Amino acid sequence: MSTKPTTTVRIDQDVKKRACEVLDEIGISMSAAINSFLKAVVREGTMPFDMKIETSKPRLKYGNATLNHAFIVKKDEFYTQYEDVASEMAKHREQLRGKTILCNCDDPFESAFFRFFVLHFNEIGLAGVTSTCYAGSPIAGLEYPLEGGTGAYKAVVTEVPEETLVRPDGSLDLESLFAMPGNALMHLTGDGDFRSDECEALLKEADIVATNPPFSLFREYISLLDRHEKKFIILGNMNAATYREVFPLFRDDKVWYGESIRSGDRKFYVPDSYPLNATGCGIDKNGRRFIQVKGVRWFTNLDTIRRHEPLSLTRCYNPDEYPRYENYDAIEVGRTQNIPIDYDGIMGVPITFLDKYSPDQFEIVMLANGNARTNVPSDTLAEVGYRPHSEDRGGVGIINGRRVYARILIRKAS
Ligand SMILES: C[S@@+](CC[C@H](N)C(=O)[O-])C[C@H]1O[C@@H](n2cnc3c(N)ncnc32)[C@H](O)[C@@H]1O
């Protein structure tokens, strides 16, 4: 093993890629090139070239294939803000104590999750934090320019110094962190895909998973956590609650929303290549691109105080105000706050009910949407008196011959 210290450097992704191409041609590694540059600085006692203002910028040319790939990748490249992580984790401090946390979609140099857990490691009393980075991410390896490997690596932290790791420029002093004997930064053998054997092995070892996984793989991601019976606190979009793989977890009380986000937009950082004309996209005062996203929620199976707080209800049942569906033995409740206090049968409520759901107060029976006929077990369909309707497109509630929106069928908890 090399005894030379490693160092971390922020490098523009495109500059790194183009420099690598040149160095490959010459046949020297990035590490050797950086070493030669630093030796020249020492030898000459100054920068080893003239510092001049660039007068004309080279134009970059991308082929269609590159652009298409970039577009697909971008949809998963939303980086969580530190404040969002800190607000939610503050609600779970006690449950985090003594635990090993895995952030398995997180470049340790960029992730607000890794930063939060490192900065609060001693205060919370964590046992460890492991963060893995994905080689397919456009930010992978930007600040870890070691030659070799796949571009994916893992950071393992089991101790953090008492003195602050925050440098004057706000970045984390990861050199000091990884110089501690209990910590390590090393290449993975694969590409860091959370589904790979080596990443699944890390998942098995961890107590709690905390991250913002790629949205396009949310179903697979949460199913994997469920299969391994892991505790987790992850970010996703509320639409994901209606997925065939996810809704049964809500119904069976195996997942619920976290504490801190129940409405509004969330801001996420996006790569510099993200189109500024995309809806909700902007640049903050530090020059970082962001996007405002609606419907973001924490998905967790860590118990929360909020989910044991019953919804305060004031309305009473009245058949004129609460019509019955033609294809379910249930009444339509168009707004969650209008749930009648005295109705004991099945009620159809909007998906946003999940923001107010307390399992102490209600029981979730099923999701009445266009996939109900195929996704919901036949005994449950029988229990709610479902009968197919020519207009219900697979199970959407029908009132006066017209489809309503997707509804969660609930009843009072027994
Ligand atoms: C929504 S971003 C969030 C990044 C980080 N967790 C955060 O919150 O800032 C999801 C990350 O997962 C990475 N990713 C995409 N596919 C992945 C996979 N199959 N396995 C692991 N990570 C993946 C993406 O490159 C991206 O960096």
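Is E229 buried or exposed? E229 counts as exposed, because only 12 or fewer C-beta neighbours are allowed for that label and E229 has 8 inside 10 Å. The points below take the rest of the model in turn.

1. Status of the model. This is a predicted model. Mean pLDDT for the protein is 88, and 85% of the residues reach 70 or more. The weak stretch is residues 53–73, where the pLDDT is below 50. Beyond near neighbours in sequence, that stretch has 4 contacts in the model. Where pLDDT is low, the predicted coordinates should not be read in detail.

2. Overall make-up. The protein has 414 residues, and buried residues make up 29% of them. There are 13 helices and 18 strands. Take the contacts between residues at least 6 apart in sequence: 69% of these join residues at least 24 apart.

3. The 8-stranded sheet. This sheet is open, with mixed pairing. Its strand order is β5-β4-β3-β2-β6-β7-β12-β8. β5 (184–187) and β8 (256–257) stand at the edges. Each has a single partner strand, so one side of each is left without a neighbour in the sheet. Inside the order, β2 (residues 100–103) and β3 (residues 128–132) run parallel and are joined by 4 bridges. As a register check, T100 stands opposite G128 in β3.

4. The 4-stranded sheet. A second open sheet has the order β1-β9-β11-β10, and its pairing is antiparallel. The edge strands here are β1 and β10 (281–283), each pairing on one side only. β1 and β9 pair in the antiparallel sense over 2 bridges. Y79 stands opposite Y269 in β9.

5. The ligand shell. 21 residues surround the ligand. The closest are T80, C105, Y134, S137 and N212. Two elements give two or more residues to this shell: β1 (79–80) and α6 (112–119). By residue class, the shell divides into 10 nonpolar, 7 polar and 4 charged. β1 thus deserves a look from two angles: it contributes to the shell, and it is an edge strand of the 4-stranded sheet.

6. Helix α4. The buried residues of this helix (residues 82–89) are D84, V85, E88 and M89. They cover an arc of only 120° around the axis, which puts them on the same side of α4. The spacing fits the general rule. An α-helix has 3.6 residues a turn, so residues three or four places apart point the same way. The partners of this buried face include β1, α5 (93–96) and α6. They also include the strands β7 (231–237), β9 (265–269) and β12 (296–300). Two of the listed partners, β1 and α6, are also the elements named for the ligand shell.

7. Positive phi at two loop residues. E229 has phi near 50°, a positive value in a residue other than glycine. E229 is found in the loop between α10 (218–227) and β7. D253 is a second case, with a positive phi of about 60° although it is not a glycine. D253 lies in the loop between α11 (247–251) and β8. Their surroundings can be set side by side. E229 counts as exposed, with 8 C-beta neighbours inside 10 Å. D253 is partly exposed, with 13 other C-beta atoms within 10 Å.

Terms used. Residues numbered from 1 in each chain as written. Predicted model: local features only at pLDDT ≥ 70, side-chain atom pairs only at ≥ 80, totals over all residues. Near = placed C-beta within 6 Å. Nonpolar A, V, L, I, M, F, W, Y, C, P; charged D, E, K, R; others polar. Buried ≥ 20, exposed ≤ 12 C-beta atoms within 10 Å, placed from the backbone. Arc of directions from axis to C-beta. Contact = placed C-beta atoms within 7 Å. Pairing = 2+ DSSP bridges. pLDDT = per-residue confidence, 0-100.
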